[in-house]
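I open this notebook to record what I looked up in one structure. The entries follow the order in which I consulted the model.

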Amino acid sequence: MNKELIRTIKFTLFSISAGIVQWVLILLCNEVFKLPNNVSWTIGTVCSVIWNLTINRRFTFKSANNVPLAMLETALFYVIFIPFSNWLIKLMTDSGIAQYIADIAATLLNFVLEFLYQRFFVFRNSIDTNDLAKKEQEQTETK
């Protein structure tokens with residue numbers, strides 16, 4: 001199967017796990033701690049981004065690049081995306097869309113943009129450079 005298709009499937013599956021992290025935190029912050037939705041959204045998003053970046057760096061992009069640099073580059077994306085997504089959610093809810101539907105729409109937008117950003121910016125020059133990728137390459141060469 002095509003390497004990029006496998007990479008996309010892995011990113012999708014790991015992003016689902018990050019989405020679970022995000023939604024559990026959003027629900028806890030909203031329903032248990034009664035925080036405003038924009039605060040809950042931000043907390044959930046930041047935690048899921050850390051989870052998603054860590055796991056996708058290792059297993060999807062198999063990158064050996066500098067972890068602090070990858071986190072900084074990803075943080076730059078979210079400096080723009082979090083305020084934008086909070087604005088978008090407010091715009092949707094102000095026009096009558098249910099809160100959690102607006103949150104889901106923003107989550108899906110985040111999924112697509114984050115994949116593109118990580119694939120073509122954060123990890124663009126370091127894909128398949130970590131120990132997992134090297135082991136796979138060795139196994140392929142010995143077959």
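**Entry 1: V39.** I began with a single residue in this predicted model. I located V39 in helix 2. Is V39 buried or exposed? I found a relative accessibility of 33% for V39, and because buried requires under 20% and exposed over 50%, V39 counts as partly exposed. I then looked up V39 together with I89. In sequence, V39 and I89 are 50 residues apart. In space, I noted 12 Å between V39 and I89, C-alpha to C-alpha.

**Entry 2: helix 1 and helix 2.** I next turned to the helix that holds V39, helix 2, and to its packing with helix 1. Two packed helices are described by the angle between their axes and the distance between the axes, so I looked up both. For helix 1 and helix 2, I recorded an angle of about 155 degrees. The axes of helix 1 and helix 2 lie 8 Å apart. Angles over 145 degrees count as roughly antiparallel, and helix 1 and helix 2 are therefore roughly antiparallel to each other. I also recorded the handedness: the crossing of helix 1 with helix 2 is right-handed. Which classes of residue make up the contact of helix 1 with helix 2? I listed 13 nonpolar, twelve polar and two charged residues in this contact.

**Entry 3: the largest pocket.** Rolling a probe the size of a water molecule over the atoms shows where empty space is left. How much space lies in the largest pocket? I noted about 230 Å³ for the largest pocket. Its lining consists of 16 residues, and those closest to the centre are S15, I16, G19, T107 and F111. I then asked which elements give two or more residues to this lining. They are helix 1 (3-32), helix 2 (37-60) and helix 4 (99-122). Helix 1 supplies the largest share of the lining, with eight residues. By class, I entered seven nonpolar, eight polar and one charged residue for the lining of the largest pocket.

**Entry 4: the whole chain.** I closed with the protein chain as a whole. I counted five helices and zero strands in the chain. Along the sequence, I read the pattern as α-α-α-α-α. The C-alpha trace of the chain spans about 60 × 30 × 25 Å along its principal axes. What percentage of the 143 residues is buried? I entered 38% for the buried residues of the protein chain.

Technical notes
Residues are numbered from 1 along each chain as its sequence is written. This is a predicted model: local features need pLDDT of at least 70, side-chain atom pairs count only at pLDDT 80 or more; totals for chains, interfaces and linings use all residues. Side-chain values use heavy atoms; hydrogens and water are left out. On a 1 Å grid over the protein atoms alone, a cavity is a set of points where a 1.4 Å probe fits but cannot get out, and a pocket is an open set with protein on both sides within 12 Å along at least five of seven lines; lining residues have an atom within 4 Å of a point. Grid points are joined across faces, edges and corners, and a volume is the space filled by probe spheres set on the points. Helices (H or I, at least four residues) and strands (E, at least two) are DSSP runs, numbered from the N terminus. Ala, Val, Leu, Ile, Met, Phe, Trp, Tyr, Cys and Pro count as nonpolar, Asp, Glu, Lys and Arg as charged, and the others, Gly among them, as polar. Buried means under 20% relative accessible area, exposed over 50%, partly exposed in between (1.4 Å probe, protein chains only). Axes are lines fitted to C-alpha atoms, for helices over the stretch in contact, and angles run from 0 to 180 degrees between N-to-C directions. Angles under 35 degrees count as roughly parallel, over 145 as roughly antiparallel, 65 to 115 as roughly perpendicular and the rest as oblique. A crossing is left-handed if the near helix is turned anticlockwise from the far one by less than a right angle, and right-handed if clockwise.
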